[in-house]
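Let's walk through this structure together, starting with the chain as a whole and then moving in to individual strands and residues. Keep the viewer open as you read.

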Amino acid sequence: MIVDPGCILRSYMCLACSAPKTKRSSRPTRNRRDASGMFDGYDSCSEDTSSSSSSEESEEEVAPLPSNLPIIKNNGQVYTYPDGKSGMATCEMCGMVGVRDAFYSKTKRFCSVSCSRSYSSNSKKASILARLQVTGKPPTKKAKVLQKQPLVAKLAAYAQYQATLQNQAKTKAAVSMEGFSWGNYINSNSFIAAPVTCFKHAPMGTCWGDISENVRVEVPNTDCSLPTKVFWIAGIVKLAGYNALLRYEGFENDSGLDFWCNICGSDIHPVGWCAASGKPLVPPRTIQHKYTNWKAFLVKRLTGAKTLPPDFSQKVSESMQYPFKPCMRVEVVDKRHLCRTRVAVVESVIGGRLRLVYEESEDRTDDFWCHMHSPLIHHIGWSRSIGHRFKRSDITKKQDGHFDTPPHLFAKVKEVDQTGEWFKEGMKLEAIDPLNLSTICVATIRKVLADGFLMIGIDGSEAADGSDWFCYHATSPSIFPVGFCEINMIELTPPRGYTKLPFKWFDYLRETGSIAAPVKLFNKDVPNHGFRVGMKLEAVDLMEPRLICVATVTRIIHRLLRIHFDGWEEEYDQWVDSSRESQSASSKQKKKAKSQQYKGHKKMTTLQLKEELLDGEDYHFLQGASDQESNGSANFYIKQEP
């Protein structure tokens, strides 16, 4: 994301047919495909052996690691490292020395994502901004496959990255984006932006209606020398998310004064607003000489045209009202130990995104950003109710003004029946690595929790105490049946240290004595999200969620999108879900009640202008105004009488 002026995130679309064809390795015959193109054959070929189950008790703290492991100290944080054979390395950006395997990326030149990006930014900042704004051809580099790192190595790198961020904030200014313009970027490169309707979780995402090209609006007239703010009518030439390229009426095919603006802005109004508000309509002085009877011109041009609905601004305002408020307490994933949750407090709400501060953070800098419908946040007491690990807070009493968030505000997950055939500990599957969202990895179900939640571990990179396990719901779009990547021509990341390459699931299942999770247990729903390959949008960098970046959809696999951040190498790409349609029952009821107030319309529709509306007495045309009266060279303008 997420939110989105060129924004975010269909027919049922799989890029397997358009991706480069690669030689497929032979595999035993499988009998049938399901709706997602998956086979059921893996279950029958796997040995039905019971896997070792993890501890069933509900842990309140992560168990201590063995004392004989080597220790890494990074910026005050202490981490153990289970494999100290790789030697040391020095970060080329900040000079920090550490274990080589704890360093970021395949080259091991930098200690963290932040240092890698900062180094690249310092050397390429000017060229990247120039190409984005002028040529639209960001620098590219052949994609590199990131090596899998052990959990503690990732955590060590993450701690370094956090500390480096804080140091950089004090010593250097962020890259200025004042020069970036979505309009120029879209126009100069003929890009297509994802429409607002693709983003159900964003403001106006569910009530954008049929706003499209040729819709007419009343906007401020900037081609005028009058001392007061005046308006004129313009038509939408092109849409890019919330942004619209507008052209004043009367310019015909002349694009000389075309301009971009946010259609949800306070200065954009439906045709007729000026007449109702007593605001002056003044034609741009560049074209004042073209017509002597502007009233007749407008009646002819606008009769039958469409404009915004009269309650558009009210809808915009309503869509930006969020149920989450500052000082609300929630349970959120611990970013340093993914296997557990902690209590955090809502610090601010921006566009539906929450800045959460962990409750024990005295200086309020230990924060976490996520969307209010994110699966990473839950109501107080959620962890205990399903058996998830939870870090007890050192704060024994709520701070003044803090209060628990009502449970009905959180996104509801689909109810599942765990009494019949269900996921079991030890079953194999494929999952997006939450510590490296560019990869889909071989994974194992490590623990089955209540209400359909599962604890997942990445094979070959797990800590002995399970501190790197992460929680996904059974219906999560981030977990997949065995063979998903092969069928959809996605590179599957094998377990770290696994030498029998190319990786073959049948061999791996036999070698490990494991079984694949049944295909029928996975979520196969594919929403009609509307995204297309090549669409531009604004996306949250989920590895650094305080950032929202210019991005492109590069692949679509069912409901899965691969997001590329413009100007950066492909190794930073991320797999994300296309839809955030989950809402609480309460919010649905509230929206239903509001829709009834508006005559049951779920989506706003544009208003068709009629001749009698335009040919009314509210529009009073005065001609022959002197230069002195108009405070400029204009000698003609339209005025609305009160």
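Buried residues account for 52% of the 642 residues in the chain. What you are looking at is a predicted model, and its secondary structure amounts to 13 helices and 30 strands. The exposed surface of the chain comes to about 30300 Å², with carbon and sulfur atoms supplying 51% of it.

Before going further, it helps to know where the predictor is confident. The average pLDDT of the chain is 75, and 64% of the residues score at least 70. Confidence is highest in strand E22 (residues 479-480), at a mean of 97, and lowest in helix H13 (residues 627-630), at 35. Two stretches deserve a flag. Residues 123-150 stay under 50 in pLDDT, and the model gives them 61 contacts beyond four places in sequence. Over residues 170-177 the pLDDT is also below 50, and that stretch has 8 contacts in the model beyond near neighbours in sequence.

Now for the interior. In soluble globular proteins, nonpolar side chains tend to be buried together. Here the largest nonpolar core has 56 residues, and those with the most contacts inside it are Phe324, Leu356, Phe423, Ile440 and Ile456. Strand E19 (residues 436-448) gives the most to this core, contributing 6 residues. To see how one of these core residues is surrounded, select Leu356: leaving aside residues up to four places away in sequence, Leu356 touches a set of residues including Val330, Val332, Ala344, Val345, Val346, Phe368 and Ile377, and also Asp366 and Asp367. There is a second, separate core of 50 residues, and among its members are Ala194, Trp208, Tyr248 and Cys274.

Val345, one of the residues touching Leu356, also leads to a histidine. His402 sits in the loop between strand E16 (389-390) and strand E17 (403-404). Is His402 buried or exposed? With a relative accessible area of 13%, His402 is buried. Not counting residues up to four places away in sequence, His402 touches Cys327, Arg329 and Val345. His402 and Val346 are 56 residues apart in sequence, yet their C-alpha atoms are 9.2 Å apart in space.

Next, turn to strand E6 (residues 231-240), which has a partner strand in E5 and another in E7. Strand E5 (residues 216-220) pairs with E6 in the antiparallel sense over 5 bridges, and within this pairing Glu218 has Ile233 of E6 as its bridge partner. Strand E7 (residues 243-248) is likewise antiparallel to E6, over 6 bridges. At that pairing, Ala240 stands opposite Asn243 in E7. E6 and E7 form a hairpin with 2 residues between them, and Gly241 in the turn has a positive phi of about 65°. Because 7 of the 10 residues of E6 are buried, this strand is largely enclosed by the rest of the structure.

The last stop is an open sheet of 4 strands, arranged in the order E24-E25-E26-E27 with antiparallel pairing. Which strands stand at the edges? Strand E24 (536-540) and strand E27 (574-577) do; each has a single partner strand, so one side of each is left without a neighbour in the sheet. On average, neighbouring strands of this sheet are turned by 50° against each other, direction ignored. E24 and strand E25 (residues 548-557) are joined over 5 bridges in the antiparallel sense. Lys536 has Thr552 in E25 as its bridge partner, while Val540 is matched with Ile548 of E25.

Helix H4 (residues 182-189) packs on this sheet, touching E24 and E25, and the direction of H4 makes about 140° with that of E24. Trp182, Gly183, Tyr185, Ile186 and Asn189 are the buried residues of H4. Just after H4 comes Ser190, with a positive phi near 55°.

E24 rewards a closer look at its side chains. In a regular strand the side chains alternate between the two faces of the sheet. In E24, Lys536, Glu538 and Val540 point one way and Leu537 and Ala539 the other way, and all are buried. Since 5 of the 5 residues of E24 are buried, the strand is largely enclosed by the rest of the structure, even though E24 stands at an edge of the sheet.

Terms used:
Residues are numbered from 1 along each chain as its sequence is written. This is a predicted model: local features need pLDDT of at least 70, side-chain atom pairs count only at pLDDT 80 or more; totals for chains, interfaces and linings use all residues. Side-chain values use heavy atoms; hydrogens and water are left out. pLDDT is the predictor's confidence in each residue, from 0 to 100. Contact means heavy atoms within 4.5 Å. Buried means under 20% relative accessible area, exposed over 50%, partly exposed in between (1.4 Å probe, protein chains only). Accessible areas come from the Shrake-Rupley method with a 1.4 Å probe; for residues, only the protein chains shown count as cover. A nonpolar core is a set of buried Ala, Val, Leu, Ile, Met, Phe, Trp, Tyr and Cys residues joined through side-chain atoms within 4.5 Å. Two strands pair if DSSP finds at least two bridges between them. Axes are lines fitted to C-alpha atoms, for helices over the stretch in contact, and angles run from 0 to 180 degrees between N-to-C directions.
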